[in-house]
Amino acid sequence: MLPSHLNGHSPLARRCPRLSAASPPATGDSDAAAAAADAPLAEHDRIYFQSYSHIGIHEAMIKDRVRTDAYRSAIMHHQKFIEGKVVMDVGCGTGILSVFCARAGAKCVYAVEASEMATQAREIVKANNLDDKVVVVHGRVEDVEVEDKVDVIISEWMGYMLLYESMLPSVLFARDKWLKPGGLILPSHATLFMAPITNSERYEGSVDFWSDVYGINMSALVPLAKKFTSEEPSIEIIGGENVLSWPFVVKHIDCYTFKAEELKSITTKYKVSSMMLAPIHGFGLWFEVEFNGPSNPTDKSPSDLNPLDVIRKKRRRGSEDPVVLSTAPEDEPTHWHQTILYFPDPIEVKQDQIIEGSVKFSLEM
């Protein structure tokens, strides 16, 4: 959740036109609202939310033009579903997406933000003369109350590797509690991809480097370097030339139907063919999100499609097609980069050699 500790009240937003964003949100008098206000945050949540009070995080996200332009384009693409409607922005941060929605004609935008950045978001809304349309609600979406059901939920919820410290559970909570039947969720779908990668330059720079340092044999540090390299994911940028096979789908998420419990454990089998003779240094993960309307039950999940078909479809998209935000190695880099799981030692593979196995991700909820 884009977060920080709650202020002294559980906000209860009544009606958008009557609640000035420059004023403190009205507080509810119900026992439930009071309980939500007094509910202490877990230490993990407190630290996480506090980190999003730092301007540097928001600067990095907003300067990511791939990300920000994709959201703005998606809002305009779906303007007919937003104009005159009620929108909820889950984890609004600085409020930039809320402002985009208001400018697209939304009747009312509830901009929910748990971090102290909510204070600046209110000032930004007022400075852009939108305080009659955008209400910044300071609190976790799980704790706040709004009077209206909403027509649209928008959120930039994706974390590294799509799901690391993501706000998806909060978006699903908002969907189940606040979204009207047939409402719009942006983004609507997300797919996590994975593929074997080769990166000799990175491996040599982190591991082989210790064999000869200024003419000194420091190979005693190589085992430690291998352990350090492989024990935690690495967030870095790789190119298409580093990818050894077509990617496989680890998880496809339909935000209209997905359940939070499904995040606890994700397991998938894979079987791919190496496109070249090269050492495998690990696996790379990246994701893409789509900004579609509600799912068509007859549509195929990306896991049912050949990854080559998925990529060709992406390349053929025209101006009328739904917007896609991709963090793939072959696309323009984003602040998410790619996530690499390195092996302690590389594994040599031949061209067309089959690489198969299974992968399991366990996520703390």
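What share of the contacts in the protein chain with a separation of 6 or more comes from residues 24 or more positions apart? In this predicted model, such residues account for 81% of those contacts. The protein chain holds 11 helices and 15 strands, and buried residues make up 50% of its 365 residues.

From these general figures one can turn to the interior. The largest nonpolar core has 81 residues, and those with the most contacts inside it are Ile-82, Met-88, Trp-157, Met-158, Leu-162, Leu-168 and Leu-325. Strand β12, which spans residues 278-290, gives the most to this core, contributing 6 residues. Because domain 1 (52-186) and domain 2 (189-364) both give residues to this core, it lies between them. Apart from this core lies another one, of 10 residues, among them Phe-193, Val-249, Trp-286 and Ala-328.

Leu-168 offers a view of the packing at the level of a single residue. When its neighbours within four places in sequence are left aside, Leu-168 is in contact with Trp-157, Leu-163, Ile-253, Cys-255, Phe-258 and Leu-263; of these partners, Trp-157 is also listed among the residues with the most contacts inside the largest nonpolar core.

The outside of the model completes the picture. The accessible surface of the protein chain comes to about 17,600 Å², and carbon and sulfur atoms account for 53% of that area. On the surface, Tyr-160, Tyr-164 and Ile-235 make a nonpolar patch of about 290 Å², and one of these residues, Tyr-164, is placed in the loop between β6 (150-154) and α8 (168-178).

Key: Residues are numbered from 1 along each chain as its sequence is written. This is a predicted model: local features need pLDDT of at least 70, side-chain atom pairs count only at pLDDT 80 or more; totals for chains, interfaces and linings use all residues. Side-chain values use heavy atoms; hydrogens and water are left out. A nonpolar core is a set of buried Ala, Val, Leu, Ile, Met, Phe, Trp, Tyr and Cys residues joined through side-chain atoms within 4.5 Å. Buried means under 20% relative accessible area, exposed over 50%, partly exposed in between (1.4 Å probe, protein chains only). Helices (H or I, at least four residues) and strands (E, at least two) are DSSP runs, numbered from the N terminus. Domain bounds come from an automatic or database domain assignment. Contact means heavy atoms within 4.5 Å. Patches are made of residues with over 30% relative accessible area and no salt bridge: like charges are joined within 9 Å, nonpolar side chains (Val, Leu, Ile, Met, Phe, Trp, Tyr) within 5 Å. Accessible areas come from the Shrake-Rupley method with a 1.4 Å probe; for residues, only the protein chains shown count as cover. A salt bridge is a side-chain nitrogen of Lys or Arg within 4 Å of a carboxyl oxygen of Asp or Glu.
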